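Reader: Hi! I am new to reading protein structures and would love a close look at a single part. Could you pick one helix and walk me through what surrounds it?

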Amino acid sequence: SGKKRVLISLSDKTDLAYLGNGLQGLGYSIVSSGGTASNLEAAGVNETKFEDITNFPEMVQRPAKCSDGRVKTLHPSMHGGILARRNQEHHLKALKDHGIGTFGVVVVNLYPFYDRVTSGTISFDDGIENIDIGGPTMIRAAACSQVDHNDYPALLEYLKRNKEDKQFRRMLAWKAFQHVASYDAAVSEWLWKQSQKGEMFPPSFTVPLELKSTLRYGENPHQNSAFYVDKGLYLAGAGGIATAIQHHGKEMSCNNYLDADAAWNCVSEFDSPTCVVVKHTNPCGVASRQDILEAYRLAVRADPVSAYGGIIAFNTTVDEELAKEIREFRSPTDGEMRMFYEIVIAPGYTEKGLEVLQGKSKMLRILEAKRSSKGMLWLRQVSGGGLAQESDDLTPEDIIFETKFAWLCAKHVKSNAIVIAKNNCMLGMGSGQPNRRESLRIAFRKAGEEAKGAALASDAFFPFAWNDAVEEACEIGIGIIAQPGGSKKDKDAVACCNKYGVSLVFATREGTDASVRHFKH
């Protein structure tokens, strides 16, 4: 057939009338499926139904709530016209011998499998019925399919030019295969969960990433960078920084995302009103108070030098009063200079609160995020591969009140981590040192005299006690120490604390003797 024909089969019919009228205006004959055909007819677009081409009705009907059959496009009259290469004489002869026409354009999108299986609990049979078979087959066959309604204007413009554009066709081919790959990744992930109850790590899996933004640069100006959202089913509705709404400020950078993630994960750990200040992914100030303004002031005062230029996160709504305090608060180092922040993160803002914060600086990034869910899969890349593990959600339930706050803070500090806290306020922390004793000294230096009688938490056990970190902490006057235990020298730590009258808590899993460690690399 010498006619210009286009095949259209859509689940998402957004802008279908615009596309149909545009193609008809360019002289294309439209061949379409049941639901798509009905929408085109309603828009005044002429079309031919699939069954008029194949001479077969739609077969193997789906359940009553579905309007179409499982088999409608899987036919030589359809796929022959898609797959035949126009520069191959024997292809064209085969089409002519069997009375099959070619398709110049294929416009297909797929059953909304992802939306269906993430919308709530569904049955296995319902999930299976939402796996598209014919759609991916047509997309792969065409390899220049149009699957995104945002591309309709570019497609129509390309067809108007009536001029070969290999780059445009290759872009569509990439988009087609990428679309099918992401679709299949969702199906594969869902089927794994259905078949392997409780097993978190499949033998292989695909992570579907969707570009959110191209960044100005990476960790350093000479590195290119981009930010992607993980579209895996396991993260659907999980919250976190990737899906945060930016209300104001300069575009996010690579380091901004890393710091914001650290701040949000830390503040999400606490149930009472809390403020967390982060610098270079480490919490340098944390405080919990019923009065969130007081929590903010205390968190900044823990280390005002580090807090300047940092990220502040709240687990409560930012109202006008808190926003004014953030805007006007002076540095505790001199009482004059206004504090400067890169980012403010909260689960919500009042209208006036947002207005006040926006007036602090046109550069200040204001993010609204949903609390991060627990039980997520954690992925991290290493050279030539990657690591996967469960998120670190464990907190010892039997750890006593005085040390629980310090323990939750230490969980989010880079190892080796030491946190000193009192009255639900971080006084000092030491992070990232190759030896634990050095982290301890940094924490005490920041805490100063307030460390006397305070609680100290260590993310892992102390390998030595006498003439080492435990005895040093006792001599300075710490009140209570929390650590996981598990060292061959634990008895020395007990004896040392007994000598100085310091309480010692071993963090263990509830109902067991298994220690709870919180390494963070």
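Author: Happy to: here is a walk along one helix, followed by a short look at some rings and cysteines elsewhere. Please keep in mind that this is a predicted model.

Let's take helix α10, which covers residues 166–195. How far does α10 reach from its first C-alpha to its last? With 30 residues, α10 spans 43 Å, close to the 44 Å expected at 1.5 Å a residue. At its N-terminal end you will find Asp165, which caps the helix. A side-chain oxygen of Asp165 lies 3.3 Å from the backbone nitrogen of Gln167.

Now look at which side chains are tucked away. The buried residues of α10 include Phe168, Leu172, Val180, Tyr183, Val187 and Trp190. Lys175 and Glu189 are also among the buried residues of this helix. What do the buried residues of α10 pack against? Their partners are four helices: α6 (113–117), α7, α8 (134–142) and α9 (152–161).

Zoom in on Trp190 next. The model has 10 aromatic pairs, and one of them joins Phe124 and Trp190. Their rings are stacked, with 5.5 Å from centre to centre and 15° between the planes. Planes under 30 degrees apart count as stacked, so this pair earns that label. Phe124 belongs to α7 (residues 124–129) and Trp190 to α10, so the pair ties together parts that are 66 residues apart in sequence. Is each partner buried or exposed? Trp190 is buried, at 6% relative accessible area, whereas Phe124 is partly exposed, at 40%. Both rings also belong to one aromatic cluster, together with Phe113 and Tyr183.

For a second ring pair, move to Tyr296 and Phe314, which are tilted: 6.1 Å centre to centre, with 50° between the planes. Tyr296 sits in helix α12 (residues 292–301) and Phe314 in strand β12 (residues 310–314), 18 residues apart. Tyr296 is buried, with a relative accessible area of 0%, and Phe314 is buried with a value of 0%. A ring can have a charged neighbour too: the charged end of Arg5 sits over the ring of Phe103, 4.1 Å from its centre.

Finally, how many disulfides are there? The count is 0. For Cys254, the closest cysteine sulfur is in Cys284, 19 Å away, which is too far for a bond. Cys474 is in no disulfide either, with the nearest cysteine sulfur, that of Cys497, 4.1 Å away. Cys254 is buried at 17% relative accessibility, and Cys474 is buried at 6%.

How values were computed. Residues numbered from 1 in each chain as written. Predicted model: local features only at pLDDT ≥ 70, side-chain atom pairs only at ≥ 80, totals over all residues. Heavy atoms only, no water. Phe/Tyr/Trp six-rings, centres within 6.5 Å; stacked < 30°, edge-to-face > 60°. Helix = DSSP H or I, 4+ residues; strand = E, 2+ residues; numbered from the N terminus. Buried < 20%, exposed > 50% of the residue type's maximum accessible area, 1.4 Å probe, protein only. Lys NZ or Arg CZ within 6 Å of the ring centre and 35° of its normal. Expected span 1.5 Å × (residues − 1). Contact = heavy atoms within 4.5 Å. Polar contact = N/O pair within 3.5 Å; in protein donor to acceptor, adjacent residues only side chain to side chain. Disulfide = S-S within 2.5 Å.
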